[in-house]
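Hi,

Here is the model I said I'd pass on. Have a look at it first, and my notes follow underneath.

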Amino acid sequence: MKTPRLPIALQQAVMRSLRHFLQLASDRLERPFAEPALVYQQRGTAAGTAWLEKWEIRLNPVLLMENQQAFIEEVVPHELAHLLVWKVFGRVPPHGKEWKWMMQEVLGVPARRTHQFEIASVRAATFPYRCGCQQHHLTVRRHNRVLRGESEYRCVRCKNLLKPGDYSPA
Ligand SMILES: [Zn+2]
Ligand SMILES: [Zn+2]
């Protein structure tokens, strides 16, 4: 999976969002908070993660590119709220009442636990294969090995060789 090159304007918009919500928290809680580090290294299907001790927010660059507005309005405050809750309350359940309060009352954002993004582009690609009894999904790596004639794969159930294509029961 390739990491997209993020446009500078988008990175700036994310940074503005972070600073906006950070300022809101400082004003409303009447205490300063250090600016968390923002890195674009989140992989897999998660939109982002908050690293408490490191005071760091990791964002998924693939999902950010595809869901820019949602990241700026929701994902950034969501992850920031995790950091702020840790700083203010210590270790508490990640999406518990303290986090909901931080989101809704302090940051003024609806407290949704997860983000509904189309994750097709970050899910590992697989290729359909069939045997005598069921559908199989080979990884890109295995699929390429089959194409190059380096490997064959057999179904552990029916012992037949896997062939490219969709399985259709006879
Ligand atoms: Zn969360
Ligand atoms: Zn089989």
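I'd begin with Glu 79, since the UniProt annotation "active site", from an unreviewed entry, covers that residue. Keep in mind throughout that this is a predicted model.

Where does Glu 79 sit? The residue is found in helix 3. Is Glu 79 buried or exposed? There are 25 other C-beta atoms within 10 Å of Glu 79, and 20 or more is the cut-off for buried, so Glu 79 counts as buried. If you leave aside its neighbours within four places in sequence, Glu 79 is in contact with Gly 48, Thr 49, Ala 50 and Ile 57.

That takes us to the sheet beside the helix. Three strands make up an open sheet, ordered 1-3-2, and the pairing is mixed. Strand 1 (37-39) and strand 2 (48-51) are at the edges with a single partner strand each, so one side of each has no neighbour in the sheet. From one strand to the next, the twist averages 15 degrees. Helix 3 (residues 68-89) packs on this sheet and touches strand 2 and strand 3, with its direction at about 25 degrees to that of strand 2. As for the pairing itself, strand 1 and strand 3 (residues 56-59) run in the parallel sense and share three bridges. Within that pair, Ala 37 is opposite Glu 56 of strand 3.

Helix 3 also has a helical partner. Helix 3 and helix 4 (residues 97-107) pack at an angle of about 115 degrees, and their axes are 9 Å apart. With that angle, helix 3 is roughly perpendicular to helix 4. The crossing between helix 3 and helix 4 is right-handed. On the helix 3 side the contact is made by Pro 77, Ala 81, His 82, Leu 84, Val 85 and Phe 89, and on the helix 4 side by Glu 98, Trp 99, Met 102, Met 103 and Leu 107.

Further along the chain comes another sheet. This one is an open sheet of three strands in the order 5-4-6, with antiparallel pairing. Strand 5 and strand 6 (163-164) are the edge strands, and each of them pairs on one side only. Helix 5 (residues 140-147) packs on this sheet, touching strand 4 and strand 5, and its direction makes about 95 degrees with that of strand 5. Strand 4 (residues 126-130) and strand 5 (residues 135-139) are antiparallel and joined by five bridges. The two form a hairpin, with four residues between them. If you want to check the register, Tyr 129 has His 136 of strand 5 as its bridge partner, and Phe 127 is opposite Leu 138 in strand 5.

Last, a couple of backbone oddities to look at. Which residues other than glycine have a positive phi? Two that I noted are Glu 30, with phi near 50 degrees, and Trp 55, with phi near 55 degrees. Glu 30 lies in the loop between helix 1 (8-29) and strand 1, while Trp 55 is in the loop between strand 2 and strand 3. Their surroundings are worth a look too. Glu 30 has 7 other C-beta atoms within 10 Å and is exposed. Trp 55 has 15 other C-beta atoms within 10 Å, which makes Trp 55 partly exposed.

Cheers

Technical notes:
Residues are numbered from 1 along each chain as its sequence is written. Chains are lettered from A and ligands numbered from 1 in the order in which they are written. This is a predicted model: local features need pLDDT of at least 70, side-chain atom pairs count only at pLDDT 80 or more; totals for chains, interfaces and linings use all residues. Two strands pair if DSSP finds at least two bridges between them. Axes are lines fitted to C-alpha atoms, for helices over the stretch in contact, and angles run from 0 to 180 degrees between N-to-C directions. Two residues are in contact if their C-beta atoms, placed from the backbone, lie within 7 Å. UniProt positions are given in the numbering used here, feature names are shortened, and annotations may be inferred rather than shown by experiment. A residue is buried if 20 or more other C-beta atoms lie within 10 Å of its own, exposed if 12 or fewer, and partly exposed in between; C-beta atoms are placed from the backbone. Angles under 35 degrees count as roughly parallel, over 145 as roughly antiparallel, 65 to 115 as roughly perpendicular and the rest as oblique. A crossing is left-handed if the near helix is turned anticlockwise from the far one by less than a right angle, and right-handed if clockwise.
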